[in-house]
Amino acid sequence: ARLCLEDIAAVLPLDASSRKDWRVWLAYWGRAPFSENLRAIHQQFYLDFETALAAGFSGPPKTARLNAAAIIAAVDGVGTRATLEPEAWPPERQRAALSALISPLLA
C-alpha cells in the first residue's frame, strides 16, 4: 500500500484523546533509557514500525528504510512539540509541519 500524508498524520496528538496517548508515550521515553527491559521493547517497537513503513516504499531497501526512519523522526518531533506545547501546535500546524518534512519522501 502506498503511504500517504493523511494516514501518517493521523498518529499525531490532534485531539485530547491522542494527546493523552502521547503524554503516556513521552513518560515511557523518559524511563526507557534507565531500564534495559523498556529499552529493548522500545528498540523492537521502532524496528517493527520502521520495517512496516519501509514496505510502503518502492526502490532499494536501504533507501526505503532510511525514508521510513526519517518519517518516524518527523512524527516523533512534531508529536513531542505538540504534546508539550498544545496551544502553539494546533492540528493544522502539526499537519503543515509534518507535510513540509515528509512530502518530499512521499513524492
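## The buried side of helix α2

Let's start with α2 in this predicted model. Its buried residues are Ser18, Trp22, Leu26 and Tyr28. Around the helix axis they cover an arc of only 155°, which puts them on the same side of α2. So what covers them? The cover over these buried residues includes α3 (36–54) and α4.

Now flip to the face turned away from that buried side. Here α2 carries the exposed residues Ala16, Ser17, Lys20, Val24 and Arg31. As for its length, α2 has 16 residues and reaches 23 Å from its first C-alpha to its last, close to the 22 Å expected at 1.5 Å a residue.

## How α2 meets α4

Two packed helices are described by the angle between their axes and the distance between the axes. For α2 (residues 16–31) and α4 (residues 61–84), that angle is about 110° and the axes are 10 Å apart. Angles of 65 to 115 degrees count as roughly perpendicular, and α2 and α4 are therefore roughly perpendicular to each other.

Which residues do the meeting? On the α2 side they are Arg19, Trp22, Arg23, Leu26 and Trp29. Across from them, α4 brings Val75, Asp76, Gly79, Thr80, Ala82, Thr83 and Leu84. Sort the residues of this contact by type and you get six nonpolar, three polar and three charged.

Two of the names from α2 should ring a bell: Trp22 and Leu26 are in the contact with α4, and both are buried residues of α2.

## A look along helix α4

How well does the span of α4 agree with what its residues should give? At 1.5 Å a residue, its 24 residues should span 34 Å, and the end C-alpha atoms are indeed 34 Å apart, which agrees.

The buried residues of α4 are Ala64, Asn67, Ala68, Ile71, Ile72, Ala74, Val75, Asp76, Val78, Gly79, Ala82 and Thr83. Among them, Val75, Asp76, Gly79, Ala82 and Thr83 also take part in the contact with α2. The cover over the buried residues of α4 includes α1 (5–9), α2, α3 and α5 (91–106).

## Two partly exposed residues in α4

Arginine 65 is found in helix α4. Is it buried, exposed or in between? With 28% relative accessibility, arginine 65 counts as partly exposed, since buried means under 20% and exposed means over 50%. Setting aside neighbours within four places in sequence, arginine 65 is in contact with Leu47, Glu50, Thr51 and Ala54. Glutamine 94 is 29 residues from arginine 65 along the chain, and their C-alpha atoms are separated by 23 Å.

Alanine 70 has its place in α4 too. Its relative accessible area is 34%, so alanine 70 is partly exposed. Alanine 70 and glutamate 36 are 34 residues apart along the chain, with 25 Å between their C-alpha atoms.

## Serine 99 in helix α5

Over in helix α5 we find serine 99. Its relative accessible area is 23%, which means that serine 99 is partly exposed.

What does serine 99 touch, leaving aside its neighbours within four places in sequence? It is in contact with Leu5 and Pro104. Finally, compare sequence and space: serine 99 and valine 78 are 21 residues apart in sequence, and their C-alpha atoms are 11 Å apart. Valine 78 is one of the buried residues of α4.

Conventions:
Residues are numbered from 1 along each chain as its sequence is written. This is a predicted model: local features need pLDDT of at least 70, side-chain atom pairs count only at pLDDT 80 or more; totals for chains, interfaces and linings use all residues. Side-chain values use heavy atoms; hydrogens and water are left out. Axes are lines fitted to C-alpha atoms, for helices over the stretch in contact, and angles run from 0 to 180 degrees between N-to-C directions. Helices (H or I, at least four residues) and strands (E, at least two) are DSSP runs, numbered from the N terminus. Angles under 35 degrees count as roughly parallel, over 145 as roughly antiparallel, 65 to 115 as roughly perpendicular and the rest as oblique. Contact means heavy atoms within 4.5 Å. Ala, Val, Leu, Ile, Met, Phe, Trp, Tyr, Cys and Pro count as nonpolar, Asp, Glu, Lys and Arg as charged, and the others, Gly among them, as polar. The expected span of a helix is 1.5 Å times one less than its number of residues. Buried means under 20% relative accessible area, exposed over 50%, partly exposed in between (1.4 Å probe, protein chains only). The arc is that of the directions from the helix axis to the C-beta atoms.
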